[in-house]
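Subject: Structure for you to look over

Dear colleague,

I am passing on the structure we spoke about, and I would be glad if you could look through it with the notes below at hand.

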Amino acid sequence: MSNNEGYVDIMVEDMRLDDPELKPYDGRQGAKIPPGTYEWEVVGVKRENSKKGNPMLVIDFKITSPGEHEGAQLKQFVTLNPNQDVSRARLKNLIEALGVPLLEGGNFSTGAMMGLRMEADVELETQEGAYDPVRNAQM
């Protein structure tokens, strides 16, 4: 578990993650981590606004799997748009993978995410005309 000193808990509301029609999103966020399966721990969560002014969660993960990449960190940016299914689906995928308990109305507390772990694969994707294994690693 991580040190929560100075941490501000945020209630995430109105995302309706308990919607049975909403399926978890299978997209990935970028990372400079070599391909493989890793265990990740949530070491930070904060709410910010994107460059376009949209609310989002910025989630800090740390690799806890033993090996040369243990301790490497990655940020995941998850938009909080209750009117956009892809935003809700990405968040639901993450919440389910971590095992974060949902409250009434499909709400959850970011404090419940702290210290939780999940296993996730890092895969390589090629881009047309170029291949960069570091830049193309995806979580």
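What follows concerns the nonpolar core and the aromatic pairs.

This is a predicted model, in which local features need pLDDT of at least 70 and side-chain atom pairs count only at pLDDT 80 or more, while totals for chains, interfaces and linings use all residues. Residues are numbered from 1 along each chain as its sequence is written, and side-chain values use heavy atoms, with hydrogens and water left out.

The largest nonpolar core (buried Ala, Val, Leu, Ile, Met, Phe, Trp, Tyr and Cys residues joined through side-chain atoms within 4.5 Å) has 28 residues, of which Trp40, Ile59, Phe61, Leu91, Phe108 and Met113 touch the most other members. Two or more residues each come from β2 (36-49), β3 (55-63), β4 (73-79), α1 (85-98) and β6 (117-124), and α1 gives the most, with five residues. These elements are DSSP runs numbered from the N terminus, helices being H or I of at least four residues and strands E of at least two.

Rings of Phe, Tyr and Trp (its six-membered ring) pair if their centres lie within 6.5 Å, with planes under 30 degrees apart counting as stacked, over 60 as edge-to-face and the rest as tilted; by this rule there are two aromatic pairs. The rings of Tyr38 and Trp40 are edge-to-face, since their centres are 5.9 Å apart and their planes at 65°. Trp40 also forms an edge-to-face pair with Phe61, at 6.4 Å centre to centre and 85° between the planes; because Trp40 lies in strand β2 and Phe61 in strand β3, this pair ties together parts 21 residues apart in sequence.

Both Tyr38 and Trp40 are buried (under 20% relative accessible area, against over 50% for exposed and partly exposed in between, with a 1.4 Å probe and protein chains only), and Phe61 counts as buried at 0% relative accessibility.

With best wishes
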